[in-house]
Amino acid sequence: MNIPDDARQHAPATERNREPILEVLLRVLPSSGTILEVASGTGEHAVFFAPRLSPRKWLPSDPNPQSRASIAAWRKKFPFDNLYPPLDLDVRAPIWPVETGAIPEWRNSDFNTSPLFAIVSINMIHISPWSASLGLMAGAGRLLPPGGILYLYGPFKLGSKHTSPSNAAFDEALRAQDSDWGVRDLDEIVTAANAQHLTMLETCQMPANNLSVVFQRSSNQ
Ligand SMILES: C[S@@+](CC[C@H](N)C(=O)[O-])C[C@H]1O[C@@H](n2cnc3c(N)ncnc32)[C@H](O)[C@@H]1O
């Protein structure tokens with residue numbers, strides 16, 4: 001691809017994983033409502049998924065200002081009616097901005113008529129501290145209505161074991177960069193999810209030794 005001359009960043013992996021991820025999203029997401037994407041990164045997934053998941057609304061977010069600038073620049077290049085501006089969201093926050101109703105961009109939007117029905121997190125939980133995984137589960141537990149979906153994508157350990165030598169090497173490289181990062185064990189993620197009334201519906205093998213993991217918000221508080 002040509003190097004963009006604006007704030008747009010490019011993550012080559014998004015071009016490889018977006019089609020397989022879309023296939024799963026089309027199958028597991030509710031057919032309407034708003035999808036909150038946490039840790040949107042460059043924003044390339046957002047501009048790819050939004051038109052393909054219409055009439056659902058896509059709300060990208062990231063705590064990193066450069067990422068939000070990139071998401072906004074991709075959105076400017078590919079504007080879609082159902083793609084919101086990026087939100088400043090760190091999943092570790094005890095209250096997420098979507099809970100306060102104080103987002104200026106939304107004053108004239110239809111957010112209230114398209115409530116949040118799903119949260120999507122692609123490649124975040126291993127590249128952030130464990131507190132981010134816990135924050136994600138807590139936010140999903142607070143925000144999702146009964147039946148709402150939490151979708152995770154990334155590498156996972158199964159039964160405390162890596163599923164491939166390349167995932168083991170990736171884990172080691174992540175931990176060398178930041179000792180709080182690392183490929184998570186699916187059992188620990190499920191335990192954290194269950195504590196927030198999220199039940200695992202399915203896992204789905206994805207290319208390059210990644211998994212899709214789908215949770216659903218149960219009705220018991
Ligand atoms: C590897 S990138 C993945 C970006 C994108 N989802 C993708 O697959 O290309 C990890 C992202 O997680 C975000 N992130 C890290 N800690 C976070 C947190 N506590 N809350 C929300 N996002 C976080 C980073 O800013 C970064 O954009």
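**A ligand and its surroundings in a predicted model**

The shell around the ligand in this predicted model holds 8 nonpolar, 8 polar and 3 charged residues.

Q: Which residues are the closest to the ligand?
A: The ligand is surrounded by 19 residues. Five of these are named as the closest. They are A39, D62, D90, V91 and I122.

Q: How many Å separate an oxygen atom of the ligand from an N or O atom in the side chain of D62?
A: A polar contact needs a pair of N or O atoms within 3.5 Å. The side chain of D62 offers such an atom to an oxygen of the ligand. The distance between the two is 2.6 Å.

Q: What percentage of the ligand's accessible area does the protein cover?
A: On its own, the ligand has 590 Å² of accessible area. The protein covers part of that area, and the share is 82%.

Q: Which pocket does the ligand take up?
A: The ligand fills a space that counts as a pocket. By rank, that space is the largest pocket.

Q: At what distance does a backbone atom of I122 lie from a nitrogen atom of the ligand?
A: V91 also places a backbone N or O atom 3.0 Å from a nitrogen atom of the ligand. For I122, a polar backbone atom is involved. Its distance to a ligand nitrogen is 2.8 Å.

Q: Is R68 buried or exposed?
A: R68 belongs to helix α3, residues 65–77. A polar atom of its side chain lies 2.9 Å from the backbone oxygen of D62. The relative accessible area of R68 is 19%. Buried means under 20%, so R68 is buried.

Q: Is V190 buried or exposed?
A: V190 sits in helix α7, residues 186–194. Its relative accessible area is 17%. The cut-off for buried is under 20%, so V190 is buried.

Q: Is the peptide bond from S54 to P55 cis or trans?
A: P55 is in the loop between α2 (44–53) and β2 (57–60). Most peptide bonds are trans. From S54 to P55, omega is near 15°. That bond is cis.

Q: Is S160 buried or exposed?
A: S160 lies in the loop between β5 (156–157) and α6 (165–177). Its phi is positive, about 70°, although it is not a glycine. Its relative accessibility is 56%. Exposed means over 50%, so S160 is exposed.

Q: What is the phi of H197?
A: H197 is in the loop between α7 and β7 (198–206). At 24% relative accessibility, H197 is partly exposed. Most residues other than glycine have a negative phi. H197 has a positive phi, near 65°.

Terms used:
Residues are numbered from 1 along each chain as its sequence is written. This is a predicted model: local features need pLDDT of at least 70, side-chain atom pairs count only at pLDDT 80 or more; totals for chains, interfaces and linings use all residues. Side-chain values use heavy atoms; hydrogens and water are left out. A residue is near a molecule or strand if one of its heavy atoms lies within 4 Å of it. A polar contact is a pair of N or O atoms within 3.5 Å; within protein, one must be able to donate a hydrogen and the other to accept it, and residues adjacent in sequence count only if both atoms are side-chain atoms. Accessible areas come from the Shrake-Rupley method with a 1.4 Å probe; for residues, only the protein chains shown count as cover. On a 1 Å grid over the protein atoms alone, a cavity is a set of points where a 1.4 Å probe fits but cannot get out, and a pocket is an open set with protein on both sides within 12 Å along at least five of seven lines; lining residues have an atom within 4 Å of a point. A molecule sits in a cavity or pocket if more than half of its atoms lie within 2 Å of its grid points. Ala, Val, Leu, Ile, Met, Phe, Trp, Tyr, Cys and Pro count as nonpolar, Asp, Glu, Lys and Arg as charged, and the others, Gly among them, as polar. Helices (H or I, at least four residues) and strands (E, at least two) are DSSP runs, numbered from the N terminus. Buried means under 20% relative accessible area, exposed over 50%, partly exposed in between (1.4 Å probe, protein chains only).
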